[in-house]
Amino acid sequence: MFDKLKKKFSDIFSGNKENGPKDSLTATRDSVAPQKEKTIRRDELESTIEETLLEADVSYDATEEIIEKLKANLGKLKRKIDYPAVEEELKSVVRDVIQHNNKDAVNLLTVEKKPFVILFLGINGTGKTTTIGKLAYYLKSNNKSVVLSASDTFRAGAIDQLNILAGNVGVEIIKHDFRSDPASVAFDAIEHAKARKMDYVLIDSAGRMQTNKNLLDEMKKIKRVAKPDMTILVLDAMIGQDVINQALTFSSEINYDSVIVTKLDTDAKGGSIISISAGIKKPILFVGIGQEMDDIIPFDVEWYLKKIFSS
């Protein structure tokens, strides 16, 4: 997970000659002992960090933001900077960028409204329906009652998939026939939860296609009828910088509150989290880190920093 970004950072801050000019990045810290602390020139630093971030699928805008903040933080330091100082400042900048956009993240386990209704959006293939099952498992594991709404009625397979997930997790599901009204399914699920004083309603929806106005209209209708307390966009970490365009397209049509990022276990480059946080400016609530039902965790910036920095 995140192997490329972690290796690049490790190479930079250990002085590996692969990354950067020879006069400052040619030897590892451990090659000679004792010795003076390794340093890097500021002009080399900017280009090296920029190249590393862009190669790791960090968007251009996010990369520029990080570089500018890093330059500001190092502004009063001398022309040659110790590796540990650079690494700590870069880590601090990445932390600040993500935390700033995650400051409004909601802890789902502490919400007071019952039932708390969540609508899920996402393109087919992002893992949206599986993510709903995983979140249901997470909530149930924390002693919360959950009902699923199979409101992706445009694909019979989606109804079947959610039904299987509900059975595996051990939560209730409300479903209607294939091609029935998605909003009516959501309405029935909410009424079911209200009558039984349940904690959460998780609403699936059709994978939006840019050219399919019917799907877009149906999702808008679900939102009008269900009046969700939160709308979550599910994004696939594997699609690289295209994730920003996908998120902005959704935002222009149907507003959402937070993001869940899937398939981080197969994200070798590692920059998707930075791109999503800086580019979308919405809280990242959870991340998917594997195939099993318990492979979903609340997003934590310190967990991410530990994954991408070797030291």
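**A walk through the predicted model**

Strand β3 and strand β7 (residues 230-236) run parallel, joined by 4 bridges. This is a good place to enter the structure, which is a predicted model. One of the residues to look for is Ile 118 in β3: its bridge partner in β7 is Met 230. Strand β3 has another partner as well. With strand β6 (residues 200-203) it pairs over 4 bridges, in the parallel sense. Here Leu 119 of β3 has Ile 203 of β6 as its bridge partner.

Is β3 enclosed or open? Strand β3 spans residues 116-121, and 6 of its 6 residues are buried, so the rest of the structure largely encloses it. Take the two sides in turn. Side chains in a regular strand alternate between the two faces of the sheet. On one side of β3 sit Phe 116, Ile 118 and Phe 120. On the other sit Val 117, Leu 119 and Leu 121. All of these residues are buried, and both faces of the strand are covered.

Now step back to the whole chain. It holds 12 helices and 10 strands. It has 311 residues, and 50% of them count as buried. The accessible surface comes to about 14,200 Å², with 48% of that area belonging to carbon and sulfur atoms. How far along the sequence do the contacts reach? Take the contacts between residues at least 6 apart in sequence: 75% of them join residues at least 24 apart. The aromatic pairs below give examples of links across the sequence.

There are 6 aromatic pairs in the structure. One of them is formed by Phe 2 and Trp 303: the ring centres lie 6.2 Å apart and the planes meet at 75 degrees, so this pair is edge-to-face. It links distant parts of the chain. Phe 2 belongs to the segment before α1 (3-14), while Trp 303 belongs to helix α12 (residues 301-308). The two are 301 residues apart. Their surroundings can be compared with the cut-off for burial, which is under 20% relative accessible area. Phe 2 is buried, at a relative accessible area of 0%. Trp 303, at 21% relative accessibility, counts as partly exposed.

A further aromatic pair joins Tyr 138 and Phe 286. This one is also edge-to-face, with 5.0 Å from centre to centre and 75 degrees between the planes. Tyr 138 lies in helix α6 (residues 128-141) and Phe 286 in strand β9, so the pair ties together parts 148 residues apart in sequence. Tyr 138 counts as buried, at 17% relative accessibility. Phe 286 is buried too, with a relative accessible area of 3%.

Return to Phe 2 and Trp 303. Together with Phe 299 and Tyr 304, they form one aromatic cluster. Other rings have a charged neighbour. The charged end of Lys 91 sits over the ring of Phe 309, 5.4 Å from the ring centre. Lys 282 lies over the face of Tyr 256, and its distance from the ring centre is 5.3 Å.

Two loop residues are worth a visit. The first stop is Lys 269, in the loop between β8 (258-262) and α11 (272-280). Lys 269 counts as partly exposed, at 33% relative accessibility. What does Lys 269 touch, beyond residues up to four places away in sequence? Its contacts are Phe 2, Lys 4, Leu 5, Glu 55, Ala 56 and Asp 57. Lys 6 is 263 residues from Lys 269 in sequence, yet 8.5 Å from it in space, C-alpha to C-alpha.

The next stop is Ile 289, in the loop between β9 (284-288) and β10 (296-298). Ile 289 is partly exposed, with 24% relative accessible area. Leaving aside neighbours within four places in sequence, Ile 289 contacts Met 1, Asp 265, Asp 295, Ile 296, Ile 297 and Trp 303. Lys 263 is 26 residues away from Ile 289 in sequence, and their C-alpha atoms are 5.9 Å apart.

Finally, consider an annotation. An unreviewed UniProt entry lists residues 283-296 under "domain: SRP54-type proteins GTP-binding". In the model, this span is 43% strand and 0% helix. Its end C-alpha atoms lie 16 Å apart.

Note on methods
Residues numbered from 1 in each chain as written. Predicted model: local features only at pLDDT ≥ 70, side-chain atom pairs only at ≥ 80, totals over all residues. Heavy atoms only, no water. UniProt positions renumbered as here; feature names shortened; annotations may be inferred. Buried < 20%, exposed > 50% of the residue type's maximum accessible area, 1.4 Å probe, protein only. Pairing = 2+ DSSP bridges. Contact = heavy atoms within 4.5 Å. Areas by Shrake-Rupley, 256 points an atom, 1.4 Å probe, with all protein chains shown as cover. Phe/Tyr/Trp six-rings, centres within 6.5 Å; stacked < 30°, edge-to-face > 60°. Lys NZ or Arg CZ within 6 Å of the ring centre and 35° of its normal.
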